[in-house]
Amino acid sequence: MPRRLMRLVTRSVALLALLACGGDASPPQPLEPTGPVVTTIVVTAPAGPLLVGATLALTAEVRDQAGVVMAGKTPTWSSGNDAIATVSNAGVVAAQGPGTTSISATVDGKTGTATLTVTQQPVFAVAITALAAPVVAGDTTPLVVVLSDRNGNAISGRRITWSSSAPLVATVDGAGRLVASSPGATTVTALSEGVSGTLAVTVTPPAGSVAPTITSISPATLAPGTTATVAGTGFLGVANTAVTVAGVPAAVLRTTPTEITIAVPSSGLPCQSTQPMPITVATLGGATTASQPLTVARRRTMAVGESFIVGASGDIACNELLDNGSYLVSVFNGGTAASSTARFELRGSAGGPLASRLPAGGGMTIDAAPARQLAPSAATVVEQQHLDHLEADLAILRRLGAPKRRARAPSYSRAGTTSVPLAIGATTQLKFHFNSCSAAGVTPVTARVVFFGNHSIVLEDVASPLAGKVDADLIAMGEQFEAISYPLLLNFGDPLAQDIKTDANERILMLFTPQVNSVGSNLLGFISVCDFYPAYQDPAVAGSNQAEIFYARTPSDTSSESTLLSGRSQWRREMPATMIHEAKHIASYAERLSRAATQFEQVWLEEATAQLASEMFGRAIHGNRWRGDATYRESVYCESRPTTAGCADGVIAMTNHFGFLANYLQNFEAKSILSGSDDIDIYGSAWLFTRWLVDTYGGGDEGAFLRWLVQTNTLSGTANIEAVSGRPFPLLLAEFTLMLAADNLPNVQGPFVEPSWNLPDVFAGYVELVSRPPAPLAMRQSAGGAFSVSGRNVKGGGAVLLKIRPMAAGGTQLIELKSTPTAPLPSTSQVGLGVVRVE
């Protein structure tokens, strides 16, 4: 290329580059608007739905970037679905069909949208067209029904439900045809959207037909679900013969001109004692009725102390208590989870000669038992923390399973763990954790050995407020644990069953540290399952001590007057029972892990058995015995009297058990013994259930029964209970709930008593400690005869209790149980009924 031409090209390229870049390397910036521009559009839609056929003018408000309304802007309107609603250029919406769509307004590229719902015109009137000709039995006649809206416009496509006041005379089939079956009069009703229309129909017999007669019925007394024979004349074939028993249709099995065999309905019959009821036979020639005794109720004859318990698949619908006495009734939900609620309707009425004397309207209705509102205290908050902590432990167990050694390691490595010296005064390093066992959740603790025995080591955090000043207490509690608590623990299992895989020192560590105090002002102690794992197994257990260890609070106040857990006196009184309670958790975890468990115990039963451990400790220090029917004076009385001779310094073992139990009983209908961390009252309810279970079905060896509960690797919760007791859980629940009301009543025996505790006596004495009713059970009461417990939803593991008092002489008590006022309980329902006679 010539040199001159090259210079021209170069200058051109440079000029183009300069023009393109505007003189620098930055891209050109958009121009800022110099006036208001459309930024948002607000479309105003109706607050409620539009009816099909209605119109409505919408408005669209156009606003600029400052939110100021702009005048003179005309939007373009559109509908998301013209089949539901159309919109004109002026913004007038016309509702076309049911559904939901969007209506949009657009101005200068900006769009605003509103949602519009269109509903059908409601039915305003229903009219059945009169028949043009008389109706003869055996005929099928189409019916014409007209639905119209408020403006008189005909409506189509709506659902119509038909009924007949006399189904034996005529019915209406699914196609809207009148099916005339027998001579007589009926009123046919068409119902649509809550609006009805009627038509009076008279059916006449066909020419030459003969009306039936009834000469006899057998057997002498009919019963639901059985067969019966009706003898007479004028009977037709099965297709043209209908029979009702007490107004309920009965299946016609076979016929001859002189005999009909029927199946007496198994459900739907009125709950009543044995009495004559109408049996009607209808044919094309007419209808006839005769009376025959019918027994619907399951007749129950019970002496005082006798009972029956039945599930939904048995004789639960209608029962008659024949002997005039007092009865306890439990309607229970045998579901195996508290979340599996079930609904029922319970009704009572007088049977026998008093049945005709029932007051109009069905007698009195028993109101719901009053709920007691219990404000949470600091103690209940801590118990909730404890349950939550246990739930978190179970989550770790389920996720990690058994502790695992390192790959190719010959045995469980203890690298990184500290061996606690068996030397009084020696110190060692331990790790404290509560909310998290991860490395970040650990607080290092220097602990001093205060006591060691054959099965335990007591250590005190050197940073404790009273470090070195409560050694006498710590030593005394350690000795008591060795002498009393550890042997009792063996009733549940071996707390050191995993020791060879943890620290191999054949002892439980008990660390008393102010770190526990910092978690909660009323927290006495806890254990953590993460300490069973080597720290290397998972980040969630990186803070493990790899030891059987119990973390306990330490006192900070030596004044004898303090009733707080920070005070030495109260701390000393409450700690021993806590030590065995927590050590029992260690035993449970150790036994399951040593068996490579695939199931770990549910919260309610794990806490129940830990409460049993502290109860057994209380039994030992109070001098009570298993199945000894302990009274208030023999137990809780001493726990509030630390200075009274013979009261074991007022050590507290059972006071809290009965406090939680009272809460459960006062709010009985809203509770379940199967609740988990959502209900702290399981410390009382689940404890007493398990105590009653051991007392009633534990045979002659309490420990063997408890070990069977704990030493399993595949069962938990109600399945565990059933396997150990050999009884289905619904039956156990019925017996237990009846026991709550029947304990220590005269002439009432097991399983409706609690052998280890005189519950009425304990609660009568308990009122001196707290403001509670002496009989805290929230139980309904009836004077007998008519009553109703309506629309109750009961949790799995829960129940409703009712006491029925004697009626007038000669009367019997009917009890009817249904799912709803009109529907029976399905055979698969978890609802059951238990009744025991107490007077």
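Five bridges join strand β23, residues 248-256, to strand β24, and the two run antiparallel. I start there, but please keep in mind that this is a predicted model. A hairpin connects β23 to β24, and it does so through two residues. To place one pair in the register, Ala251 has Ala263 in β24 as its bridge partner.

Now the other neighbour of β24. Strand β21, residues 227-233, is joined to β24, residues 259-263, by five bridges, again with the strands antiparallel. Here Ala228 takes Ile262 of β24 as its bridge partner. Moving one strand further, β20 and β21 also pair in the antiparallel sense, over five bridges. Within that pairing, Ile214 is matched with Gly232 in β21.

What is the order of the strands in the open sheet? The order is β20-β21-β24-β23-β22-β25-β26, seven strands with antiparallel pairing. At the edges stand β20, residues 213-218, and β26, residues 286-294; each has a single partner strand, so one side of each is left without a neighbour in the sheet. Neighbouring strands of this sheet are turned against each other by 30° on average, with direction ignored. One reminder for anyone looking along a strand on the screen: in a regular strand, side chains alternate between the two faces of the sheet.

Next, the salt bridges. The count comes to 28. I will go through three of them.

The first on my list is Glu615 with Arg691, where the closest N and O atoms are 3.0 Å apart. This pair links distant parts of the chain: Glu615 sits in helix α6, residues 603-622, and Arg691 in helix α9, residues 682-697, with their positions 76 residues apart in numbering. Are these two residues buried or exposed? Glu615 has a relative accessibility of 2%, so Glu615 counts as buried. Arg691 is at 0%, and therefore counts as buried too. The cut-off for buried is under 20% relative accessible area.

Arg691 also has a second partner on my list. Its side chain meets that of Asp695 in a salt bridge, at 2.8 Å from N to O. Both Arg691 and Asp695 lie in helix α9, four residues apart, which is about one turn of the helix. Asp695 is buried as well, because its relative accessible area is 4%.

Which residues make up the network of salt bridges around here? The linked residues are Glu615, Arg619, Arg691, Asp695 and Glu702. So if you have Arg691 selected on the screen, its two bridges that I described run to Glu615 in α6 and to Asp695 in α9.

The last salt bridge I want to show is Lys671 with Asp681, at 2.8 Å from N to O. Both residues are in the loop between α8, residues 655-666, and α9, and they are ten residues apart. Lys671 counts as buried because its relative accessible area is 14%. Asp681 is at 5%, so Asp681 counts as buried.

That leaves the empty space. In general, rolling a probe the size of a water molecule over the atoms shows where empty space is left.

I will take the second largest pocket, which holds about 520 Å³ of space. Its lining has 26 residues, and the closest to the centre are Ser266, Ser267, Gly268, Ala317 and Cys318. Which strand gives the most to this lining? The answer is β41, residues 812-818, with three residues. By class, the lining of this pocket divides into 15 nonpolar, seven polar and four charged residues.

Then the enclosed spaces. There are six cavities of 30 Å³ or more. The largest cavity has a volume of about 60 Å³. What lines the largest cavity? The residues are Lys584, Ser588, Arg592, Glu601, Leu605, Glu606, Thr609, Leu709 and Val710. Three helices, α5 (568-594), α6 and α10 (702-710), each supply at least two residues of that lining. The lining contains three nonpolar, two polar and four charged residues.

Helix α6 has now come up twice: Glu615 of the salt-bridge pair lies in α6, and α6 also contributes to the lining of the largest cavity. That is where I will stop.

Technical notes:
Residues numbered from 1 in each chain as written. Predicted model: local features only at pLDDT ≥ 70, side-chain atom pairs only at ≥ 80, totals over all residues. Heavy atoms only, no water. Pairing = 2+ DSSP bridges. Salt bridge = Lys/Arg side-chain N within 4 Å of Asp/Glu carboxyl O. Buried < 20%, exposed > 50% of the residue type's maximum accessible area, 1.4 Å probe, protein only. Axes fitted to C-alpha atoms, helices over the stretch in contact; angles between N-to-C directions. 1 Å grid on protein atoms, 1.4 Å probe; cavity = no way out; pocket = protein on both sides within 12 Å on 5 of 7 lines; lining within 4 Å. Points joined across faces, edges and corners; volume = space filled by probe spheres on them. Nonpolar A, V, L, I, M, F, W, Y, C, P; charged D, E, K, R; others polar.
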